[in-house]
Amino acid sequence: MNGSKILLVDDEEIFTRNMAKLLTTRGYKVTAVNSGDAAIRALEAQPVDVIVLDLKMPGLDGLSTLKEIQKLGLFTQTLMLTGHGSIDSALEAMKLGAYDYLTKPCEIDELVAKIEGAWKKKDSSLKDDMQGKSRTAGEGPKSVFEVFPAKKR
Amino acid sequence: MTTTKATIATSGLPIEGSDRRREQYKRFFRRFVLLTLVSSLVPLLLVGWGINVHYTRFARERLTEKFNREVDNHHRAIELFFKEHSSKLQLMARTHSKEYLSHPGNLNKVFELINHDHPTLTDLGLIDHTGRHLAYVGPYDLMDKNYADAFWFQQVLKKGIFISDMFLGFRREPHFIMAVTSSENGEPWILRATINTETFRALVENVRIGKSGEVYLLNTEGIYQTTPRFGGAIMEVAPLPLLAEHQGTDLRFVTQDYPGRSSTSSRRIVCSVWLKEPRWLLVVTQSYDEAFNAVNHANFAVLVFLLISALTILIVAVLVTRHMLTMIRRRDRESDQLNQQLMQTSKLASIGELSAGVAHEINNPLAIISTERQILLDCAKQTGQMEVSFQEQFNDSMSQIDIQIQRCKRITHNLLRFSRRTQSVMETVHLNAFILEVVDLMEREARASGIKFVTTLEPELPVMISDPSQLQQLFLNLITNAIDAHDGKPYGRVEIATTGTADGQGVRLSISDTGCGISAEHMEKIFDPFFTTKPVGKGTGLGLSICFSIIQRLGGRIDVHSEPGQGTRFDIELPLHPPAEMMQYN
C-alpha cells in the first residue's frame with residue numbers, strides 16, 4: 001500500500017540504494033540501512049510496517065537481527081532476502097515469525113507483491129490485536145501505539 | 001565407426017591396472033614363491049642331508065665291519081692252510097728216518113698220504129745237507145738238480161722251516177715250496193714239498209665278493225702271489241703301492257685306475273692284513289660303488305623323495321600365491337574403487353562448497369544489475385518520448401539484460417542445488433507411479449523432439465522410503481539428458497525399466513536411450529561438475545553431478561554403459577530405506 005514504511009536492510013549499499021529508489025518511485029517510504037545493528041537502531045527510532053532483511057550480512061546476520069527485532073515486540077512484518085544458498089536459513093527465519101522469503105536477484109514487482117502481502121498480514125494482525133481476538137494480557141506483540149505512544153500522539 | 005564400450009563405477013572413474021601395479025604383482029609373486037620355497041626347502045634339505053649323512057655313516061660302519069670280518073676269515077683260512085701243511089711235513093720228517101724216506105716207494109707213500117684228502121702237493125723231495133736230491137716224487141725230472149745255491153736252501157737250514165714266495169724255478173712255472181729240516185747223526189736233511197699252485201690259488205682266488213670284489217696275495221715286494229680276478233697275473237707287480245707293515249686289518253678307500261679293469265669306477269675299498277709266514281699281504285678289495293650300492297639306492301630314494309617334495313612345494317607355493325594374488329587384486333580393485341569414489345565425493349563436496357560461495361556472491365551483483373535495469377526502465381517510463389531507434393535499441397538491450405540475468409540466475413540456481421544440503425523430506429514413494437508422473441511431465445518435450453518413451457515397470461515393486469523432490473530432480477536430469485542425446489537424431493527411444501534387486505533390499509532402475517552415446521574419453525568426466533558436451537547456453541554441466549550427489553545422499557549407486565553412436569544406459573540402484581544420516585535430517 002502506498003505510503004507504507006519500509007526498512008531495507010542489506011550490506012550491499014548499492015542494492016539498498018537502488019531498491020530504495022525503486023520502492024520510493026512506487027510510493028513507499030523507505031529507510032535503507034546496511035547492517036543489522038543499524039536496522040535495530042532505525043527501528044528503535046522509528047517503527048515501520050515491513051522490513052526487507054537480507055540473511056547474509058557481516059556482523060549481526062539476518063537471523064540474529066530478526067531475533068533482536070522480535071525482542072522489540074513491534075507490529076511489523078519481515079521479508080527475508082536470500083542469495084538462495086541459505087534457503088534453510090530463510091525457512092528457519094519463517095519459523096521464527098518472518099512473513100516470507102525472496103531469492104536474489106528478484107524482480108521489483110515480485111518484491112512489491114510480497115511487501116503488499118506482508119502489509120496486509122500486519123494490518124490484519126493489528127486489527128485483531130485491537131479487537132483483542134488474539135491477545136491475552138502480557139502476551140504477544142504490543143500495539144504500535146503502545147510501543148511508541150508519544151509519536152502517535 | 002568405432003564401438004567403444006565403457007563401464008563406469010559409481011565414482012565415474014574407470015578402474016585400470018597400471019603397469020606399475022602389474023609389475024608390483026609380478027614382484028610380489030616372485031618374492032612370495034621364493035620365500036615359500038626357501039622356508040620350506042631349507043628344512044626339508046636339512047632333514048634330507050641329515051638322513052643321508054647319518055645313514056651313510058651307519059652303512060659305512062657296517063660295511064667296514066663286514067670287510068674286516070671277510071679279511072679275517074680269509075686270513076685264518078690261509079694261515080690254517082700253511083700251518084696244516086707245514087705241520088704235516090714236519091710230522092713226516094720227524095716220524096720217518098732219512099733212510100726210510102730215501103726209498104722212492106716210501107716217499108711216494110708219504111706223498112700220497114699227505115695228498116689223500118686233497119691234492120695239495122705237486123711233488124715231494126728229500127734233499128741232503130749238500131743240496132742233492134736223495135729221493136723225489138713228482139711229475140718233473142729233478143733228481144739231478146742240486147739246490148745248494150737255491151735261495152730257500154740256506155733259509156730252511158737256518159730256520160728249520162721255510163715257505164717261499166712264488167717263483168719259476170727249474171720248471172719255469174709259478175709255484176712255491178714248503179721245506180722242513182730234520183737231522184740224523186748231526187747231518188741235517190730237508191723234506192721239501194711244492195704246494196699245488198692250483199689248489200692254493202683256488203683257496204684264494206675262488207672267493208667271490210659281489211661282482212667287483214677280488215682277493216689276492218702280494219709278497220713283500222708287491223708281486224702278485226695269486227692272480228687277481230680283474231687284470232694282472234700271478235708273479236706280476238701289482239699297480240697299487242705296497243702297504244707298509246701293519247698290525248691287524250687295514251681298511252682304506254683308494255682312488256686309482258686299474259689298467260684294464262672293466263669297472264668304470266676307480267674308487268675301491270681295500271682291506272688288507274699281513275700273514276705271519278710267509279710274509280704275504282692278503283688283500284680283499286671291492287668297488288666302492290658296489291659296496292655302497294644299497295646306501296646309494298637309499299640315498300637315491302631320499303633324493304627322489306626330496307625332489308618330489310620340492311616339486312610339490314613349488315606347485316603348492318605357486319597355486320597358493322596365485323590364489324592370494326587374486327584375492328589381493330580383488331581387494332585392491334575394491335579399494336581403488338572406494339578411493340576413487342571417495343576422491344570423487346570429496347571433489348564434489350569441495351566443488352559444492354566453492355559453488356555455494358560463488359553462487360551466493362554472484363547473486364548479489366546480479367541483484368544490483370537487476371535493480372539498475374529496473375531503475376533505467378522506470379526512468380525511461382518517466383522520461384516519456386524517446387527517439388524511435390533509441391527506444392528500440394533500449395528495449396532490446398533491457399530485454400537482453402533480463403535474459404542474461406535469468407541465465408545467470410539459472411546457473412547459480414543449479415550450482416546451489418548441486419551443493420545444497422537441504423533438509424530431506426522422507427516419504428513413502430511408489431517408484432513406478434513416481435516415474436510415470438515424471439514421464440508425463442517430460443512427454444510433451446520428448447514428443448517435440450520425436451522421441452518415444454517406453455516403460456517396463458515391475459508391477460510388484462516394493463514401496464521405498466526416499467526424498468521425492470530429490471528423486472524427481474534425479475529422474476528429470478537423466479531423462480532430459482536422454483532426450484538431449486537424440487539431438488539431430490529423430491525417432492529415438494528412451495526406455496525406463498524398474499526391477500527389485502536380488503537381495504530384496506532395494507530397487508533397480510535403468511534409463512536407456514538410443515542417442516549419440518558417450519565417447520570413452522568423456523566417460524571419465526561425465527560426473528564432474530561443469531563438464532558438458534551440450535552447446536553453450538544449453539547445459540550447465542551440473543545435471544549428472546547433481547544426480548551423482550543425490551544418489552550418494554540416498555545411499556544408492558549408479559553405473560553407466562555407453563556405446564558411442566548406439567546409446568547410453570544408466571543403471572541406478574536405490575535402497576528401500578535411505579541411510580541413517582538421511583533419516584536424521586527428517
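Here a trainee and a mentor talk through a predicted model, asking what stands behind each term.

Mentor: Residues count from 1 along each chain as its sequence is written, and chains are lettered from A in the order in which they are written. Local features need pLDDT of at least 70, side-chain atom pairs count only at pLDDT 80 or more, and totals for chains, interfaces and linings use all residues.

Trainee: What makes residues of helix α3 of chain B buried or exposed?

Mentor: A residue is buried if 20 or more other C-beta atoms lie within 10 Å of its own, exposed if 12 or fewer, and partly exposed in between, with C-beta atoms placed from the backbone. Leu107(B), Val110(B), Phe111(B) and Ile114(B) are buried. Gly105(B) and Leu113(B), on the other side of α3(B), are exposed.

Trainee: Why are the buried ones said to lie on the same side of α3(B)?

Mentor: Because they cover an arc of only 100 degrees around the axis, taken from the directions from the helix axis to the C-beta atoms.

Trainee: How do you know that strands β5 and β6 of chain B pair?

Mentor: Two strands pair if DSSP finds at least two bridges between them. β5 (residues 176-184) and β6 (residues 187-195) of chain B have nine, in the antiparallel sense, so they meet the definition. Among the partners, Glu184(B) bridges to Glu187(B).

Trainee: What makes β3 and β4 of chain B edge strands?

Mentor: Each pairs on one side only. The open sheet runs β3-β2-β6-β5-β4 (chain B).

Note on methods. Helix = DSSP H or I, 4+ residues; strand = E, 2+ residues; numbered from the N terminus.
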